[in-house]
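Colleague: I would like to go through this model with you, element by element. Please show it first.

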Amino acid sequence: MKIAITGKGGVGKTTLAATLARLYAAEGRTVLAADVDPDANLGMALGLSEEEVNAIVPISKMRTLVEERTGANDFNRFYRLNPQVSDIPDKYSRDVNGVKLLVMGTVDVGGSGCVCPEHVMLKSVLSALVFRKDDVVVMDMEAGLEHLGRGTASLVDAFIVVVEPGARSIQTYEKVKLLAADLGIYKVCVVANKIRSEEDRAFVRSRVPEDALLGFIGYDSDVIAADLGGLSPYDCCPDALASIREIKAKLDSKT
């Protein structure tokens with residue numbers, strides 16, 4: 001199972017990613033959770049403390065490693081576009097409550113379309129993740145899917161967009177559908193979070209095809225408290241956990 005989870009900032013995709021990862025780990029599966037969001041906080045959602053998360057060096061910031069694998073340095077302007085990275089997920093991940101956490105980081109450059117050693121490194125590691133045949137891989141993405149590239153995207157079992165009951169959030173889902181179609185992927189699922197009423201459910205159902213909707217997660221003060229306290233929602237948010245367990249069951253039945 002290879003899952004890429006995306007959505008606008010603050011919609012709850014990290015809560016979903018972390019809880020799914022821990023649910024699969026609780027089944028005895030080998031689970032690797034990749035934090036691909038520039039605002040990296042998947043570690044805390046899995047159960048690390050803030051100090052432990054701050055101590056992790058993202059792959060994109062490991063300059064010596066990037067230079068070693070790509071051949072790029074201050075004196076060499078040429079570098080390998082397909083560096084050897086298959087060992088990186090195991091070597092540089094950290095075990096958190098039975099889940100292997102890999103913090104990818106981001107490339108801090110102006111403009112877009114960066115093709116630099118760090119970018120090549122990140123894309124290569126993501127490709128390596130989806131080739132881990134026997135593992136569950138959960139990727140907490142930012143809103144775009146450009147990181148994955150055409151070949152890699154075709155190997156992902158599920159794109160999940162987390163939305164809130166609002167027009168702007170639904171627009172993000174529609175944009176991701178277009179991006180995924182450009183990559184040859186036409187199966188994009190939706191999880192609706194922060195649902196307060198039947199009206200919220202009806203709004204989401206009016207904008208999202210029923211066969212794409214994996215389920216709903218209610219607005220939950222326990223999740224807010226967990227976030228404020230730096231705790232894993234898996235450990236202290238029973239209502240959200242029950243909803244995500246149902247979402248996981250539906251996801252499993254689709255893949």
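Modeller: One term is needed at the start: a residue is buried under 20% relative accessible area, exposed over 50%, and partly exposed in between. The model is predicted.

Colleague: In which class of exposure does Ile224 fall?

Modeller: Ile224 sits in helix 10, residues 221–229. The bounds for the middle class are 20% and 50%. Ile224 has a relative accessible area of 38%, so the class is partly exposed.

Colleague: What accessible area do Tyr219, Ile224 and Leu228 have together?

Modeller: These residues form a nonpolar patch on the surface. Ile224, the member in helix 10, is partly exposed. For Tyr219, Ile224 and Leu228 together, the accessible area is about 330 Å².

Colleague: Turning to the interior, which element gives the largest share of the largest nonpolar core?

Modeller: In soluble globular proteins, nonpolar side chains tend to be buried together. The largest core here has 41 residues, and Met104, Met139, Tyr173 and Val208 touch the most other members. Elements that give two or more residues to this core include strand 2 (31–35), helix 4 (63–70), strand 5 (136–140) and helix 8 (167–182). The largest share, 7 residues, comes from helix 6.

Colleague: How many residues are in the other core, which includes Ile5 and Leu20?

Modeller: This core lies apart from the largest one. Val99 and Ala226 are also among its members. Its count is 40 residues.

Colleague: How many residues of strand 6 are buried?

Modeller: Ala158, Ile160 and Val162 point one way from strand 6, while Phe159, Val161 and Val163 point the other way. Both sets are buried. Strand 6 is largely enclosed by the rest of the structure, because the buried count is 6 of the 6 residues.

Colleague: Which residue of strand 6 stands opposite Ala4?

Modeller: Strand 1, residues 2–6, runs parallel to strand 6, and 4 bridges join them. Within this pairing, the residue opposite Ala4 is Phe159.

Colleague: On the pairing of strand 6 with strand 7, how many bridges are there?

Modeller: Val162 stands opposite Val191 in strand 7, and Phe159 stands opposite Val188. The two strands pair in the parallel sense, and the number of bridges is 5.

Colleague: What handedness does the β-α-β unit of strand 6, helix 8 and strand 7 have?

Modeller: Strand 6 and strand 7 are parallel partners. Helix 8 belongs with them in the unit, which is right-handed.

Colleague: Is strand 7 mostly covered or mostly open?

Modeller: The cut-off for a buried residue is under 20% relative accessible area. In strand 7, 7 of the 8 residues are buried, and the strand is mostly covered.

Colleague: Through which helix does the chain cross from strand 7 to strand 8?

Modeller: Strand 7 and strand 8 pair in the parallel sense over 4 bridges. In that pairing Ala192 stands opposite Phe216 in strand 8. The β-α-β crossover between them is right-handed and goes through helix 9, residues 198–207.

Colleague: Now the charged side chains. How many residues apart are Asp235 and Arg22?

Modeller: Side chains of opposite charge can pair when their charged atoms come close. Asp235 and Arg22 meet in a salt bridge at 2.9 Å, N to O. Asp235 is exposed, at 52% relative accessible area, whereas Arg22 is buried, at 9%. Asp235 lies in helix 11 (residues 233–236) and Arg22 in helix 1 (residues 13–26), with a separation of 213 residues.

Colleague: Are Asp135 and Arg132 buried or exposed?

Modeller: Asp135 and Arg132 form a salt bridge, with the closest N and O atoms 2.7 Å apart. Both residues are buried.

Colleague: Which helices hold Arg207 and Glu174?

Modeller: The closest N and O atoms of this salt bridge are 3.6 Å apart. Arg207 is partly exposed at 31%, and Glu174 is partly exposed at 33%. The pair links distant parts of the chain, 33 residues apart: Arg207 is in helix 9 and Glu174 in helix 8.

Colleague: Which residues are joined into one network by salt bridges that share partners?

Modeller: A search of the whole structure finds 18 salt bridges. Those that share partners give one network of Glu27, Arg29, Lys248 and Asp252.

Conventions:
Residues are numbered from 1 along each chain as its sequence is written. This is a predicted model: local features need pLDDT of at least 70, side-chain atom pairs count only at pLDDT 80 or more; totals for chains, interfaces and linings use all residues. Side-chain values use heavy atoms; hydrogens and water are left out. A nonpolar core is a set of buried Ala, Val, Leu, Ile, Met, Phe, Trp, Tyr and Cys residues joined through side-chain atoms within 4.5 Å. Buried means under 20% relative accessible area, exposed over 50%, partly exposed in between (1.4 Å probe, protein chains only). Two strands pair if DSSP finds at least two bridges between them. A crossover is right-handed if, with the strands pointing away from the viewer, the path from the first strand over the helix to the second runs clockwise. Patches are made of residues with over 30% relative accessible area and no salt bridge: like charges are joined within 9 Å, nonpolar side chains (Val, Leu, Ile, Met, Phe, Trp, Tyr) within 5 Å. Accessible areas come from the Shrake-Rupley method with a 1.4 Å probe; for residues, only the protein chains shown count as cover. A salt bridge is a side-chain nitrogen of Lys or Arg within 4 Å of a carboxyl oxygen of Asp or Glu.
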